[in-house]
Amino acid sequence: MTLPPLGDYLATLRTATPLVHCMTNYVAMNSTANLLLATGASPAMLHAPEEVAEFTAIASGLSINIGTISSHWADAMLTATATADQHAIPWVLDPVAVGATRYRQMLCAKLLASKPSVIRGNASEILALHGLADQGRGVDSTAPTEQAINAAIALAKHHDCIVAMTGESDWVTNGTQHYRIHGGHPLMPQVTTLGCGLSALVTAFVAANREAPLEAAATALGCFAVAGERAGKTAQGPGSFQVALLDALYQLTPNDLTTHAQWEAIHGV
């Protein structure tokens, strides 16, 4: 199978500059906005229940992250996702620590009813969301990616969406087609909110490349993997790595991505 050039999807994003409505957690707002800007998208951070429906309707895509959830934010998220579903606006669910509490599980069950385009999480979150695991330890993944592949595929089939699962290697599946992405750097888990920002970046790529959402989601992960490798070459620790990652995303060209992204189609799963 000949893989399409990932750089084409990055070029489309930078031409489209999609407006991404991010309903994310307190910790991630600033870093998520910077990651989107560095890559070529336009971020917006709105949470008020009084305006989320109106704004979601004019956004290119919606990113939902339940990291620091509260009841009024949950209500606003449900309104926003229902609006996205009504207007056929792509949206991404980041089920942060969904296995940790019953409240998170109940909220995600309600959000899933609005048909996310993509679910982006780590292996423990994917297992918990699929009902195969009881608990996750906070936002960290305690399960290896390989252990959750079948859960990711089943989840994608059940909800007719794409599942983007990140870990030591990344998996993207729509239930029948599967891609694995390699790369990144060991410092990436040491910088908080990078996963949150990645979910928003997936939203941007899918919004800008609606005709190829599976490959668009893979491109977002590929961008992170290539930029992470480059950032790690100069970083002295987590602090300098975060800055270097922003610079690497900003400097990444479509040709760089096509040439250096390590991704493969997986068959026979």
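This report describes the sheet, a helix pair and several single residues of a predicted model.

## The sheet

The model contains an open sheet of 9 strands, arranged in the order 2-1-3-4-5-6-7-8-9. The pairing within this sheet is mixed. As background, the strands of a sheet pair through backbone hydrogen bonds, and they do so in either a parallel or an antiparallel manner.

Which strands stand at the edges? They are strand 2 (42-44) and strand 9 (262-266). Each has a single partner strand, so one side of each is left without a neighbour in the sheet. On average, and with direction ignored, neighbouring strands of this sheet are turned by 20° against each other.

Helix 7 (residues 149-159) packs on the sheet. It touches strand 5, strand 6 (162-166), strand 7 (170-173) and strand 8. The direction of helix 7 makes about 155° with that of strand 6.

Two pairs of strands illustrate the mixed pairing. Strand 4 (residues 91-94) and strand 5 pair in the parallel sense, over 2 bridges. In this region, Val-92 stands opposite Val-118 in strand 5. Strand 8 (residues 178-182) and strand 9, on the other hand, pair in the antiparallel sense over 5 bridges. Here His-178 stands opposite Ile-266 in strand 9.

Is strand 5 (residues 118-122) enclosed or open? Of its 5 residues, 5 are buried, so the strand is largely enclosed by the rest of the structure. Val-118, Arg-120 and Asn-122 point one way from strand 5, while Ile-119 and Gly-121 point the other way. Residues on both sides of strand 5 are thus buried, the charged Arg-120 included.

## Helix 2 against helix 8

Helix 2 (residues 29-39) and helix 8 (residues 194-208) form a contact. Their axes come within 8 Å and cross at roughly 40°. An angle under 35 degrees would count as roughly parallel, and one of 65 to 115 as roughly perpendicular; helix 2 and helix 8 are therefore oblique to each other. Their crossing is right-handed.

From helix 2, the contact is made by Thr-32, Leu-35, Leu-36 and Thr-39. From helix 8, it is made by Leu-194, Cys-196, Gly-197, Ala-200, Leu-201, Ala-204 and Phe-205. By class, the contact has 8 nonpolar residues, 3 polar residues and no charged residues.

## Buried and exposed residues

The following table sets out five residues with their places and relative accessibilities.

| Residue | Place | Relative accessibility | Class |
|---|---|---|---|
| Asn-209 | loop between helix 8 and helix 9 (213-232) | 1% | buried |
| Leu-107 | helix 5 (residues 102-112) | 5% | buried |
| Ala-97 | loop between strand 4 and helix 5 | 7% | buried |
| Ala-88 | loop between helix 4 (71-86) and strand 4 | 54% | exposed |
| Tyr-250 | helix 10 (residues 238-251) | 62% | exposed |

A residue counts as buried under 20% relative accessible area and as exposed over 50%. Asn-209, at 1%, is therefore buried, although Asn-209 is found in a loop. Leaving aside its neighbours within four places in sequence, Asn-209 is in contact with Tyr-9, Thr-12 and Ala-216.

Leu-107 is also buried, at 5% relative accessibility. Not counting residues up to four places away in sequence, Leu-107 touches Ile-66, Ile-69, Ala-74 and Leu-78. How many residues apart in sequence are Leu-107 and Ile-69? They are 38 residues apart in sequence, and their C-alpha atoms are 9.5 Å apart in space.

Tyr-250 counts as exposed, with a relative accessibility of 62%. With residues up to four places away in sequence not counted, Tyr-250 touches Arg-14 and Ala-38. The C-alpha atoms of Tyr-250 and His-130 are separated by 35 Å, and these two residues are 120 residues apart along the chain.

## Two alanines with positive phi

Two loop residues have a backbone feature that deserves mention. Phi of Ala-88 is near 55°, a positive value in a residue other than glycine. Phi of Ala-97 is near 50°, again a positive value in a residue other than glycine. Ala-88 precedes strand 4, in the loop that follows helix 4, whereas Ala-97 lies in the loop between strand 4 and helix 5. Ala-88 is exposed, while Ala-97 is buried.

Note on methods. Residues are numbered from 1 along each chain as its sequence is written. This is a predicted model: local features need pLDDT of at least 70, side-chain atom pairs count only at pLDDT 80 or more; totals for chains, interfaces and linings use all residues. Side-chain values use heavy atoms; hydrogens and water are left out. Helices (H or I, at least four residues) and strands (E, at least two) are DSSP runs, numbered from the N terminus. Buried means under 20% relative accessible area, exposed over 50%, partly exposed in between (1.4 Å probe, protein chains only). Contact means heavy atoms within 4.5 Å. Axes are lines fitted to C-alpha atoms, for helices over the stretch in contact, and angles run from 0 to 180 degrees between N-to-C directions. Angles under 35 degrees count as roughly parallel, over 145 as roughly antiparallel, 65 to 115 as roughly perpendicular and the rest as oblique. A crossing is left-handed if the near helix is turned anticlockwise from the far one by less than a right angle, and right-handed if clockwise. Two strands pair if DSSP finds at least two bridges between them.
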